[in-house]
Amino acid sequence: MVRHLTIAAAQMGPVGRHDSRDEVVDRLLALLHESHQRGAELVVFPELALTTFFPRWFIEDQAEINSWFEAEMPGPDTKPLFDEARRLGVGFCLGYAELTPDGHRYNSQILVERDGSTVGTYRKVHIPGHEHDEPWRPFQHAERHFFEAGEEFPVWHAFEGLVGMAICNDRRWPETYRVMGLQGAELILIGYNTPLYYAPDPQQNALQAFHNHLVMQAGAYQNGAYVVGVAKGGLEEGVDSLAHTVIIAPSGQIQAQAITTGDEVVVARADLDYCRFYKETLFDFDRYRIPEAYRLITARRGAEPPPTVDTL
Ligand code: CDT
């Protein structure tokens with residue numbers, strides 16, 4: 001069986017604070033249609049694709065907080081996207097703020113198959129930023145105020161392959177990819193919103209695009225998987241965010257890349273069997289990994305230097 005999959009990375013430009021879900025869903029539909037016209041069988045949308053990146057404000061009013069979350073997926077506003085994707089026979093991955101029936105809140109991403117069935121929902125594990133209002137910042141990154149952390153990196157059988165998901169800050173952590181790699185992941189789908197200004201250390205601002213590709217290319221290569229990284233970029237409510245959407249091959253090479261900071265579809269054809277060249281050679285985990293030497297990875301959270309000679 002040939003396992004070729006044409007993938008569209010549907011980058012989005014800014015979404016305004018007062019843009020309605022209908023307006024945003026219309027944009028998603030336009031991206032879906034272009035992706036379909038260009039042969040895509042799977043379309044990947046960004047993190048929190050339905051709204052502006054609201055964690056830039058420290059909001060305490062519960063009604064307003066609720067207005068940024070989806071209590072059902074699909075709900076009345078998002079159903080047209082689900083219906084049209086099923087009609088076209090195109091699968092998709094969509095980032096959104098999830099409110100569960102029992103009141104939990106997650107930064108989530110849903111994966112939907114070409115027949116409209118839900119493959120799974122991933123909940124962001126690494127929640128960056130801060131819990132409390134930090135007025136010294138030019139804008140907030142209060143994700144830890146709004147979201148609980150997810151607990152796992154599942155991999156699903158879908159699209160004739162093995163597919164995992166991650167969200168934005170997750171992409172900076174090697175464990176994200178390796179946990180999915182250990183489940184055989186061949187395709188890892190990642191949406192992101194990355195402000196270009198990083199308040200704790202503005203020296204990193206100029207390196208945002210470099211770091212973005214560095215981590216995703218390494219994650220792809222070291223696990224022999226395709227990685228699709230999709231931005232919501234551009235100047236959104238006064239905050240400039242990284243674009244640089246990419247589709248990365250298991251070799252770590254960038255196969256396709258966005259050239260704008262707005263709504264743009266990037267298409268590439270993946271050969272899922274190509275993953276084997278890396279998974280069965282240099283990164284033959286079963287043959288070459290030494291888990292006994294990696295115990296600290298799960299035993300320890302923060303860094304602790306080894307004892308010095310005089311304390312031994
Ligand atoms: N959305 C998200 O996770 N953004 C973070 C910004 C840096 S932490 C304030 C990221 O890792 O890109």
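Two strands are said to pair if DSSP finds at least two bridges between them. With that in hand, a good place to enter this predicted model is the match between strand E8 (residues 187-192) and strand E9 (residues 226-231), which pair in the parallel sense over six bridges. Within this match, isoleucine 190 has glycine 229 of E9 opposite it. In general, the strands of a sheet are joined through backbone hydrogen bonds, in either a parallel or an antiparallel manner.

E8 and E9 belong to an open sheet of six strands, ordered E6-E7-E8-E9-E12-E13, in which the pairing is mixed. The edges are formed by strand E6 (155-158) and strand E13 (254-257); each has a single partner strand, so one side of each is left without a neighbour in the sheet. On average, neighbouring strands of this sheet are turned by 20° against each other, direction ignored. Across E8, E9, strand E12 (246-248) and E13 lies helix H6 (residues 208-223), which runs at about 155° to E9.

Stepping back to the whole chain, the model holds nine helices and 14 strands. The C-alpha atoms fill a box of roughly 65 × 55 × 40 Å, taken along the principal axes. The radius of gyration is 19 Å, which agrees with the value near 20 Å that a compact globule of 312 residues would have. Of these 312 residues, 41% count as buried. Contacts also reach far along the sequence: among those between residues at least 6 apart, 71% join residues at least 24 apart.

Key
Residues numbered from 1 in each chain as written. Predicted model: local features only at pLDDT ≥ 70, side-chain atom pairs only at ≥ 80, totals over all residues. Helix = DSSP H or I, 4+ residues; strand = E, 2+ residues; numbered from the N terminus. Rg over C-alpha atoms; globule rule 2.2 N^0.38 Å. Buried ≥ 20, exposed ≤ 12 C-beta atoms within 10 Å, placed from the backbone. Contact = placed C-beta atoms within 7 Å. Axes fitted to C-alpha atoms, helices over the stretch in contact; angles between N-to-C directions.
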